[in-house]
Amino acid sequence: MTTSLPGPTIHDNTTQRTDCNASRLSLKWSSQKKSLVHNLPIEQSDITNIKVHLDIVDSKKKEKITAPPTNFFDDAAKNRSPSEIEQAWAKLKNKKNETYPNTILSDVKLNYTINDFYRIFWSSNTANPYENYKREVQGHEDIITTSWIDSGDKFTLCRSQKYLHPNSAPVGPRMAKAVTQQTLQWYGDHGIQICFATTVEGTPMADCFVLKDRILVEATDDGLIMRVDMGICFVKKTIYKRIIAAASKAGSKKTWESFVDYIQKLPNYPK
């Protein structure tokens, strides 16, 4: 007997509305009662709800959060048929998504296998983690990343990243506090989805919105094809919506273009 995959339904039209509410609450609350997590249907929640789960785990374990077993994805695949995983991936990549309505990068060719892309940049003990790019290229400081943990649906890994982000605004601190919640789903031999939800503190109008990005990497005969989608969830009213949306879209595009450039210039990048 198989169970349905959470991936295609995580960001449906219904959760888009509840997501903004969750984002608004997550900005106010740094911890929640554990019972709230048990009542939260992970397959119907958005990435910002994962913050509640991470905060609870982190508050109950002051030491570093234990990474999931290396066979997490193998175990996840055992409960789904190959055809179910294939159909779920096809639906995920083809369906218009309300949370990520803007495609800012598409058809980017990377000379990696899916296993290598995960192992090199996203696994818990990689020698070249995504954090290196944030530190070396984006100038982020004091990066603290929790280890991946099961979000609760036995298919999605989640983690949290806290760091200081350079502030280019004429007012506010030189480095602004930021938090990015991440989730990762692996669809067998077909592809990987990685989602990001970022909030920033201490800069003008930063508390009005949550920036959402997602990476889709799909396996091909000779590597991977990468796509990046983004969107914005406004959690407060502001007359500067259009300005924020335009600036965020341009900034997100620049960020992921520079990440691709960073990858392709690595000494060990396959030629």
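User: Before we get to helix 5, what does "buried" mean here, and which residues of helix 5 are buried?

Analyst: Buried means under 20% relative accessible area. This is a predicted model, and the cut-off is applied to its residues. In helix 5, the ones that pass are Glu 84, Ile 85, Ala 88, Trp 89 and Leu 92.

User: How wide an arc do those residues cover around the axis of helix 5?

Analyst: They sit on the same side of helix 5, because the arc they cover is narrow enough to put them there. On the other side, Pro 82, Gln 87 and Asn 94 are exposed. The arc of the buried set is only 130 degrees.

User: What do the buried residues of helix 5 pack against?

Analyst: One partner is a helix, namely helix 4 (72-78). The others are strands: strand 5 (175-187), strand 6 (191-201) and strand 7 (209-220).

User: How far apart are the end C-alpha atoms of helix 5?

Analyst: Helix 5 runs over residues 82-94, so there are 13 residues to count. At 1.5 Å a residue they should span 18 Å. The model agrees, with the end C-alpha atoms 18 Å apart.

User: And helix 8, how far apart are its end C-alpha atoms?

Analyst: Helix 8 covers residues 241-264. Its 24 residues should span 34 Å at 1.5 Å a residue. The model agrees with that, and the distance between the end C-alpha atoms is 35 Å.

User: Which helices do the buried residues of helix 8 pack against?

Analyst: The buried residues of helix 8 include Ile 244, Trp 256, Phe 259 and Tyr 262. The buried set packs against strand 1 (102-110), strand 6, strand 7 and strand 8 (223-234). On the helix side, the partners are helix 6 (114-121) and helix 7.

User: Is Asn 132 buried or exposed, and which residue of helix 8 does it touch?

Analyst: Asn 132 is found in helix 7 (residues 130-136). It has a relative accessible area of 15%, under the 20% cut-off, so Asn 132 is buried. Leaving out residues up to four places away in sequence, Asn 132 touches Ala 127, Val 137 and Tyr 262. Of these, the one listed among the buried residues of helix 8 is Tyr 262.

User: Is Ile 243 buried or exposed, and what is the area of the nonpolar surface patch it helps make?

Analyst: Ile 243 belongs to helix 8. Its relative accessible area is 54%, over the 50% cut-off, so Ile 243 is exposed. Together with Met 205, Ile 239 and Tyr 240, Ile 243 makes a nonpolar surface patch of about 420 Å².

Key:
Residues numbered from 1 in each chain as written. Predicted model: local features only at pLDDT ≥ 70, side-chain atom pairs only at ≥ 80, totals over all residues. Heavy atoms only, no water. Patch = residues over 30% accessible without salt bridge, like charges linked within 9 Å, V, L, I, M, F, W, Y side chains within 5 Å. Areas by Shrake-Rupley, 256 points an atom, 1.4 Å probe, with all protein chains shown as cover. Salt bridge = Lys/Arg side-chain N within 4 Å of Asp/Glu carboxyl O. Helix = DSSP H or I, 4+ residues; strand = E, 2+ residues; numbered from the N terminus. Buried < 20%, exposed > 50% of the residue type's maximum accessible area, 1.4 Å probe, protein only. Expected span 1.5 Å × (residues − 1). Arc of directions from axis to C-beta. Contact = heavy atoms within 4.5 Å.
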